[in-house]
Amino acid sequence: MSKLRIDPGDGEQIATLHKDAASGIEKTASSLPGSVDAGIASALISDILAQLTEQADQLSIANESVGNMVSSVVKDLDQTDEEAAGPLRRLKSSLDAGGEHPRNG
């Protein structure tokens, strides 16, 4: 049995944070210079920027994926909780206020 516990709303907040992080990283891509004029270091700096861009892209993809997975897990947990709660609500409603089952009354 799983001991995973996510308070209502927390899971979606976590998912949103990951998705917002991915979006924020993607928005910074347009701020990178198209070319670098750094004299003899131009090629080196261009290589560093290319590597940075690749790593940022991978980080963005990872954050988007984690956000989607968290959303999926939260949806599954909510659905499972609701499926388990249904029979318990019906059982509770079949009992009178004193806790006696209607057939015993």
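Is S71 buried or exposed? Keep that question in mind while the whole chain is on screen, and remember throughout that this is a predicted model.

**The whole chain**

With everything displayed as a cartoon, you will find two helices and zero strands in the protein chain. Helix α1 covers residues 10-28, and helix α2 covers residues 42-94. Buried residues make up 10% of the 105 residues, and the accessible surface of the chain comes to about 8300 Å², with 59% of that area belonging to carbon and sulfur atoms. Among the contacts with a separation of 6 or more, 70% are accounted for by residues 24 or more positions apart.

**Select S71**

Now select S71, which has its place in helix α2, and show the side chains around it. S71 counts as buried because its relative accessible area is 15%, and buried means under 20%. Leaving aside residues up to four places away in sequence, S71 touches E12, A15 and K19, so add these three residues to the selection if you wish to see what lies against S71.

**Move to the loop and L32**

Next, follow the chain into the loop between α1 and α2, where L32 lies. L32 counts as partly exposed, with 32% relative accessibility. When residues up to four places away in sequence are not counted, L32 touches L49 and T53. For a distance to display here, choose the C-alpha atoms of L32 and A50, which are 18 residues apart along the chain and are separated by 9.7 Å.

**Find the salt bridge**

Which side chains meet in a salt bridge? Select E82 and R89, whose side chains meet at 2.3 Å, N to O; the structure holds one salt bridge, and this is the pair to show as sticks. E82 is partly exposed, with a relative accessible area of 46%, and R89 is likewise classed as partly exposed, at 45% relative accessibility.

**Turn to the nonpolar patch**

Switch to a surface view and select L88, L91 and L95, which together make a nonpolar surface patch of about 280 Å². Of these residues, L88 has its place in helix α2. L88 counts as exposed because its relative accessibility is 57%, and the exposed class begins over 50%.

**Finish at the negative patch**

Keep the surface on and select E26, E54, D57 and E64, which form a negative surface patch. Which helix gives the most to the negative patch? Helix α2 does, with three residues, whereas E26 has its place in helix α1. Colouring the two helices separately at this last stop will let you see E26 of helix α1 as part of the patch that also includes E54, D57 and E64.

Methods:
Residues are numbered from 1 along each chain as its sequence is written. This is a predicted model: local features need pLDDT of at least 70, side-chain atom pairs count only at pLDDT 80 or more; totals for chains, interfaces and linings use all residues. Side-chain values use heavy atoms; hydrogens and water are left out. Patches are made of residues with over 30% relative accessible area and no salt bridge: like charges are joined within 9 Å, nonpolar side chains (Val, Leu, Ile, Met, Phe, Trp, Tyr) within 5 Å. Accessible areas come from the Shrake-Rupley method with a 1.4 Å probe; for residues, only the protein chains shown count as cover. A salt bridge is a side-chain nitrogen of Lys or Arg within 4 Å of a carboxyl oxygen of Asp or Glu. Lys and Arg count as positive and Asp and Glu as negative; His and the chain ends are not counted. The place of a charge is taken as NZ of Lys, CZ of Arg, CG of Asp or CD of Glu. Helices (H or I, at least four residues) and strands (E, at least two) are DSSP runs, numbered from the N terminus. Buried means under 20% relative accessible area, exposed over 50%, partly exposed in between (1.4 Å probe, protein chains only). Contact means heavy atoms within 4.5 Å.
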